[in-house]
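Here is a short report on one protein model. It covers a sheet, a helix and two pockets.

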Amino acid sequence: MQLSIRGVNEVYLSAMDTPDLIYVQRIDKFKRLEALMKEINKRMEKSLDNSVEKVPVDGGGDCSEDGSATEGGMTDKSKASVRQWNPGSYCLAKLLLDETWYRGKIVEQVKSEKLVYTVFFLDYGDLEDIAGEDIYPIWDDALQLPFQAIECRLYGVLPTDETWNQDVGNTMWDICNENEGKRILDATVKSKELSDSLTAVEYYNIELRFNAATPSSLSCTSCDLSVNLVLQGLALPSEDIVQRMFPTSQDIESVSGKCKEYYQAKDDDVKLQLVKDISNITSNIIKRFV
């Protein structure tokens, strides 16, 4: 699945680690994904409800190389856990958090007493460790819809320290998935780069803005997510974002000058006035992004 490099893409934020690694889903494809998810879980429920379920196991000539199910080599579910998966195999994996089956891809086997695999959830972007007994071969028609998770990086922000603080990701997730509901975001592609992740070939540098169709009750200082994180002190701005926040050298010099005056001032009344001046300047800057 790809984003359009021209114009605006309406997306949901589906998963994130840090602003340097986020996953989005295109809204125009989301209904098809929902329909596929219902079909997958309906078929899995029906299959697993049988007292003797047909589940492929090793050595039976039962699966294609990519992990999709074929005829033959079937046994009951109690023996299914002996199946060995190879990295890169497509599968269905059950997430215990919601007891739902999702399309996945085997990343690696986890060193554990039990058979456990790290699975990448292809339509959402999450990485989870899943027990072998909760991984099932995927059938061919479930692979026809392109995988929906699109790897991206939030444009224009840098960590305030050597690495990103986890609070940044949590705040960003809360804003974009308020009250467990997905907010529509407008994604504009700034560039497309080669990815060094295990789950994608390329990623997009994107600018994200809050769509007016899903207003937030949270206190957001800007509809531009990058600027929002900067103004909340959760991220540092790139040079481009600085230029957008302070489009003229006068803005920069004004704030810088008053900050210098504040630290040199001895009188509390003078300091208070300088704080008010800085607040007025930054308030006017914020209005540019609301």
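How many of the residues of S7 are buried?

## Strand S7

This is a predicted model. In it, strand S7 covers residues 116-121. S7 is mostly covered, with 6 of its 6 residues buried. Buried here means under 20% relative accessible area.

The side chains of S7 split between two directions. Val-116, Thr-118 and Phe-120 point one way. Tyr-117, Val-119 and Phe-121 point the other way. Both sets are buried.

## The neighbours of S7

S7 pairs with S6 in the antiparallel sense, over 6 bridges. One bridge joins Glu-108 to its partner in S7, Thr-118. A hairpin links S6 and S7, with 5 residues between the strands.

S7 also pairs with S8. These strands run antiparallel and share 5 bridges. Phe-120 has Leu-127 in S8 as its bridge partner. Val-116 stands opposite Ala-131 in S8. S7 and S8 form a hairpin too, again with 5 residues between them. Gly-125 sits in that turn and has a positive phi of about 105°.

## The sheet and helix H1

S7 belongs to an open sheet of 5 strands. The order is S8-S7-S6-S5-S9, and the pairing is antiparallel. Strands of a sheet pair through backbone hydrogen bonds. The edges are strand S8 (127-131) and strand S9 (135-136), and each pairs on one side only.

Helix H1 (residues 30-49) lies across part of this sheet. The strands it crosses are S5 (90-95), S6 (100-110) and S9. H1 runs at about 80° to S6.

## The largest pocket

Which residues lie closest to the centre of the largest pocket? The pocket holds about 830 Å³ of space. Its lining has 30 residues, and the closest to the centre are Ser-14, Ala-15, Tyr-124, Asp-126 and Trp-173.

Several elements each supply at least two lining residues. They are strand S1 (9-18), strand S2 (21-26), S6, S7, S8 and helix H2 (166-176). By class, the lining has 14 nonpolar, 9 polar and 7 charged residues.

## The second largest pocket

The second largest pocket holds about 390 Å³. It is lined by 18 residues. Nearest its centre lie Met-1, Ala-149, Thr-199, Ala-200 and Val-201. Strand S10 (150-154) and strand S13 (202-210) are the elements that give two or more residues to this lining. The classes here are 13 nonpolar, 2 polar and 3 charged.

Methods: Residues are numbered from 1 along each chain as its sequence is written. This is a predicted model: local features need pLDDT of at least 70, side-chain atom pairs count only at pLDDT 80 or more; totals for chains, interfaces and linings use all residues. Side-chain values use heavy atoms; hydrogens and water are left out. Two strands pair if DSSP finds at least two bridges between them. Helices (H or I, at least four residues) and strands (E, at least two) are DSSP runs, numbered from the N terminus. Contact means heavy atoms within 4.5 Å. Axes are lines fitted to C-alpha atoms, for helices over the stretch in contact, and angles run from 0 to 180 degrees between N-to-C directions. On a 1 Å grid over the protein atoms alone, a cavity is a set of points where a 1.4 Å probe fits but cannot get out, and a pocket is an open set with protein on both sides within 12 Å along at least five of seven lines; lining residues have an atom within 4 Å of a point. Grid points are joined across faces, edges and corners, and a volume is the space filled by probe spheres set on the points. Ala, Val, Leu, Ile, Met, Phe, Trp, Tyr, Cys and Pro count as nonpolar, Asp, Glu, Lys and Arg as charged, and the others, Gly among them, as polar. Buried means under 20% relative accessible area, exposed over 50%, partly exposed in between (1.4 Å probe, protein chains only).
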